[in-house]
Amino acid sequence: MRETPRSQGTASDAEPVLPQPRPGCALAHTTGASGSGSPHRSDGRPPQTPRGARHTGRHGGPGTTPPVPGPPTVHFPSAPWASSVTPLTALALIASLALLALCTWQIAAHGPLRTYDERLGRTIAGSPLPSPVAEFLADLGNTAVAVSVLALAAGWAAWRARRAGTPRWWLPPLASAVAMAAVPALVVPFKALVGRPGPPGPLAGETGFFPSGHAATAAVAYGAAALLLRPHLRRRLRRPLLAAVAVLNLAVAVGLVRRGYHWPLDAVASWCLSGPLLWTALRLSRLSRPSPTATEPPSRPNRRDAGGRDAGRTGRQNDATTRTRRRQRPNHGGAEQRRLNHDG
């Protein structure tokens, strides 16, 4: 039996044949057909972008294409109460409640502040302010007068808001009515708790004068009316309106003290009690206004490249540069055609 020559063995016994590169193929690490030493590419560019010429942009969130402005920002809706309480507002509310507590403590404990208050009250009662004028100012704190003014302001503000198509137009008048109803609910327990006697005058010998119900009614009614009218007035009239309300409340307090109906601290305590009520009514009223984020159209993301320039602006500049280069490029085809025509 003859042996089979090794040269005629099976294909499995033969040595593997490796693929050989052919001239002109586009391999990443072989030279081109010309053998110039540069990688073979149709446009002559390097196979990789140099590290210094890369414009990578900032890292973005998943599913984005560079350049992107950055990771997606999630805005959580904030409570209207938390967004409206500024440090100055919180300080004013705390100061108002602290002053109310101080006045209540001094009146109940017959402290030195009560002595100075009664001395000031007697001085104002003996002032040359005419009694009819003082009586008129004191009557401005009556429930019939102050609540009527508030009702007219609430009706007019509701009509204007409904006519303008404001959502929840009924909320500001309702908030003012709730604040007004809270006045007797807070003043009456205070009067019964402190039991302060009245000054010398038409109501001498009676108790329950701290705080002043007339002063609290005037402060809440006229203050809420000003807050209702303020959004519907011109900007130059808003501050004078608030100043007029402050002067009116001061005049009511002077009239009450001058006629012997209350002591000065009775009116001061009423103002301290009315401040949080007006602030609450104002917060509830602002809930009826549409949020700025709901009315404004969504803004387009401001995409920027690594150099800090706007991506859209950079694209427009690149398009303009390309058009300029095309205009400046010599038209060899046209020159060749003209030469052939001339020779022909």
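Which residues does L242 touch, not counting residues up to four places away in sequence? In this predicted model, the residues touched by L242 are A226 and R230. L242 itself lies in helix 8, which spans residues 235–258, and with a relative accessible area of 37% the residue is partly exposed. One of the two partners, A226, is 16 residues away from L242 along the chain, and the C-alpha atoms of this pair are separated by 6.6 Å.

The protein chain that contains these residues has a secondary structure of 12 helices and zero strands, so that, read along the sequence, the pattern is α-α-α-α-α-α-α-α-α-α-α-α. The chain comprises 344 residues, of which 28% count as buried. When contacts between residues at least 6 apart in sequence are considered, 68% of them join residues at least 24 apart.

Two helix pairs were examined for their packing geometry. In the first pair considered here, helix 5 (residues 143–163) and helix 6 (residues 171–194) have axes that come within 9 Å and cross at roughly 165°. Because angles over 145 degrees count as roughly antiparallel, helix 5 and helix 6 are assigned to that class with respect to each other. The crossing by which helix 5 passes helix 6 is left-handed. On the side of helix 5, the residues that meet helix 6 are V147, L150, A154 and A158, and their counterparts in helix 6 are P173, S176 and M180. Sorted by class, this contact of helix 5 with helix 6 consists of six nonpolar residues and one polar residue, with no charged residues.

In the other pair, helix 2 (residues 87–108) and helix 3 (residues 112–125) have axes that come within 7 Å and cross at roughly 90°. Since angles of 65 to 115 degrees count as roughly perpendicular, helix 2 and helix 3 are described as roughly perpendicular to each other. Helix 2 contributes L102, Q106 and I107 to the contact, while helix 3 contributes P112, L113 and R114. The residues of the contact of helix 2 with helix 3 comprise four nonpolar, one polar and one charged.

The loop between helix 3 and helix 4 (131–139) contains P128. With a relative accessibility of 80%, P128 counts as exposed. P128 and R258 are 130 residues apart in sequence, and their C-alpha atoms are 9.4 Å apart in space.

The cysteines were considered last. A disulfide is a covalent bond between the sulfur atoms of two cysteines, and the structure holds zero disulfides. For C103, the closest cysteine sulfur is that of C272, at 5.8 Å, which is too far for a bond; likewise, for C272 the closest cysteine sulfur is in C103, at 5.8 Å, again too far for a bond. The cut-off behind this conclusion is a separation of the two sulfur atoms within 2.5 Å. As to solvent accessibility, C103 counts as buried at 1% relative accessibility, and C272 counts as buried at 7%.

Definitions and conventions
Residues numbered from 1 in each chain as written. Predicted model: local features only at pLDDT ≥ 70, side-chain atom pairs only at ≥ 80, totals over all residues. Heavy atoms only, no water. Buried < 20%, exposed > 50% of the residue type's maximum accessible area, 1.4 Å probe, protein only. Axes fitted to C-alpha atoms, helices over the stretch in contact; angles between N-to-C directions. Helix = DSSP H or I, 4+ residues; strand = E, 2+ residues; numbered from the N terminus. Parallel < 35°, antiparallel > 145°, perpendicular 65-115°, else oblique. Left-handed = near helix turned anticlockwise from the far one by under 90°. Contact = heavy atoms within 4.5 Å. Nonpolar A, V, L, I, M, F, W, Y, C, P; charged D, E, K, R; others polar.
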